[in-house]
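Colleague: I am new to this structure and would like a close look at one part of it, with the surroundings brought in afterwards. Could you take me through that part slowly?

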Amino acid sequence: MGLKVLINGAGICGPALSIFLQRSNPSHEITVVERSPSLRVAGQQIDLRAQGIAVMRKMGLLDTIKTKTVAEQGLAFIDANGRTKAVFGKNDSGKGQQAFTSEYEIMRGDLVDILYQESLEVGRRVERDGKGRCVRYEFGKYATELRQDASGVDATFSDGTQSRFDLVVGADGQGSRTRRMAFGKDLSENVFKPLGAFVAFFSIPKGEGDGAMAKVFHMPEYRIVSTRTGDRPITQAYLAVLSDSEELKASTSKPVQEQKALWKGLFEDCTWQRERLLEGLEKCDDFYAARVGQVKTETWSSGHVALLGDAGYCPSLFTGMGTTASLVGAYVLAGELARHDGNIPAALESYNNVLQPFVTEIQKLIPGTPNILYPKTEWGIWFLHTALGVFTTLKIDKAINMLLPEDKGGWKIPEYPELKLES
Ligand SMILES: Cc1cc2nc3c(=O)[nH]c(=O)nc-3n(C[C@H](O)[C@H](O)[C@H](O)COP(=O)(O)OP(=O)(O)OC[C@H]3O[C@@H](n4cnc5c(N)ncnc54)[C@H](O)[C@@H]3O)c2cc1C
């Protein structure tokens, strides 16, 4: 028997879950509501690592992903004159530990679109075969209230409509409204653990020196500017700062123009590519800023509501594992639902148990993160550059890669024949 499932959020893990659910049981009736009026393809480079690569392979999408990867050769730390101080290369051998630049760097919008299109394609196949109904996406809509009883959830939506579901999944990002509705406001806010950093992403026109290497420029007072281009026609700009400013904390829910003005003020004294960056910031139409933190809860379910991806276990961009975690989470949740064949409480309990060791590992940060990455003074920047230069000259940068979370624990994705995947 199929389940009536509501997925809140059409980012990475919402469409991914829908693909797995439709493939495992075509009679599932799936609705995805997305708060944004259209598919949100903003965002810059994200990476796919370790178990995330295995999940994409199982989905049959790894070759498609390969055609969209950004060809980036590594990461160069530079000074205000653009001189390289240290370089971290990438591991594209297909074997062993990935570096800071992963083998599968992809623009967030490309990955969101690939997953969205595939979920519709799987749904159309289901309909063509007369086995069920294609996943339904509803944009510009979100759940405003969830009321649970022993057998399901009554959801009320922003357009005033109501519907009952067997299962509601919060795939709505680190600030998840689903989490707030299911777990209560206080608990939901307490599980977000800020790491003291803020980051802004936006696109700027490609410049002459932009190319295969990502560039990282440090500024005093705990600030970083970074650009990434790879083989793309545009350049991605990143601004980041360590700060406990109340203004920054409040800013992410403010109108974009106000956020831009705040970030402009913070980087007004930039001594590397200042005009280009600030002009780009002013003119861009894809500005996105976030408070960096981790979501840490003991459970990702409450009754018939489950949390998925950043909503339940955001590991933060310092780990490079957010996208991988959201894909692995979608795979395990669908796998457990298929294995427990309609018994939602048992499936969600198992989802928690199976995924917990993986999440615990990926949420471990490199010791000293984020502080060691953000020096306060020019002297601190000099010291960081010197240390990184020594590491790379002595070729012990690969040892630093070993500190990245993907190498720890050796957690393998479970096998779910119930999902009826090819491999
Ligand atoms: C616009 C955007 C840009 C990003 N850019 C980057 C980046 O450049 N680099 C990086 O490392 N990470 C970025 N991220 C975060 C990254 O996508 C996630 O950390 C990760 O991939 C996990 O994906 P997710 O599906 O759990 O969450 P997300 O990718 O954040 O997707 C959540 C989705 O839920 C939607 N949503 C939010 N609230 C509701 C609601 N109440 N009801 C319904 N839908 C809702 C959002 O609009 C979004 O589409 C970005 C996220 C977004 C939304």
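Modeller: Let us begin with the open sheet whose six strands stand in the order 7-2-1-11-18-17 and whose pairing is mixed, keeping in mind throughout that this is a predicted model. The edges of this sheet are formed by strand 7 (136-139) and strand 17 (301-302), each of which pairs on one side only. Further in, strand 1, made of residues 4-8, and strand 11, made of residues 167-170, pair in the parallel sense over four bridges, and if you want a position to look for in that pair, Ile 7 stands opposite Val 169 in strand 11. Helix 12, which covers residues 344-362, packs on the sheet, where it touches strand 11, strand 17 and strand 18 (305-307), and the direction of helix 12 makes about 20 degrees with that of strand 18. In general, the strands of a sheet pair through backbone hydrogen bonds, and they may do so in either the parallel or the antiparallel sense.

From strand 2 of this sheet we can move on to the ligand, since strand 2 (29-34) and helix 11 (322-339) each supply at least two residues of the shell around the ligand. Helix 11 gives the most to that shell, with three residues. There are 26 residues around the ligand, and those that come nearest are Ile 12, Glu 34, Gln 44, Arg 108 and Asp 310. Sorted by class, the shell has ten nonpolar, nine polar and seven charged residues.

Some contacts of the ligand can be followed atom by atom. A polar backbone atom of Cys 13 is 3.0 Å from an oxygen atom of the ligand, while a polar backbone atom of Arg 35 is 3.2 Å from a nitrogen atom of the ligand. With Thr 323 it is a polar side-chain atom that lies 3.2 Å from an oxygen atom of the ligand. Taken alone, the ligand exposes 920 Å², and the protein buries 91% of that.

For comparison, turn next to the open sheet of seven strands, which has the order 5-4-13-14-15-12-16 and, again, mixed pairing. Its edge strands are strand 5 (84-89) and strand 16 (288-295), each pairing on one side only, and the twist from one strand to the next averages 20 degrees. Within this sheet, strand 12 (residues 192-205) and strand 15 (residues 234-242) pair in the antiparallel sense over nine bridges, and the bridge partner of Phe 198 is Val 241 in strand 15. Helix 8, residues 256-266, lies across strand 12, strand 14 (223-228), strand 15 and strand 16, and runs at about 75 degrees to strand 15. Helix 9, residues 274-283, packs on the sheet as well, touching strand 12, strand 14 and strand 15, with its direction at about 95 degrees to that of strand 12.

Two details of the backbone remain, and a general point helps in reading them: most residues other than glycine have a negative phi, and most peptide bonds are trans. Thr 369 and Pro 370 are joined by a cis peptide bond, with omega about 5 degrees, and Pro 370 is found in the loop between helix 12 and helix 13 (378-393), which brings us back to the helix that packs on the sheet we started from. Ala 50, for its part, has a phi near 35 degrees, a positive value in a residue other than glycine, and Ala 50 has its place in helix 2, residues 50-59.

Methods
Residues are numbered from 1 along each chain as its sequence is written. This is a predicted model: local features need pLDDT of at least 70, side-chain atom pairs count only at pLDDT 80 or more; totals for chains, interfaces and linings use all residues. Side-chain values use heavy atoms; hydrogens and water are left out. A residue is near a molecule or strand if one of its heavy atoms lies within 4 Å of it. A polar contact is a pair of N or O atoms within 3.5 Å; within protein, one must be able to donate a hydrogen and the other to accept it, and residues adjacent in sequence count only if both atoms are side-chain atoms. Accessible areas come from the Shrake-Rupley method with a 1.4 Å probe; for residues, only the protein chains shown count as cover. Ala, Val, Leu, Ile, Met, Phe, Trp, Tyr, Cys and Pro count as nonpolar, Asp, Glu, Lys and Arg as charged, and the others, Gly among them, as polar. Two strands pair if DSSP finds at least two bridges between them. Axes are lines fitted to C-alpha atoms, for helices over the stretch in contact, and angles run from 0 to 180 degrees between N-to-C directions. Contact means heavy atoms within 4.5 Å.
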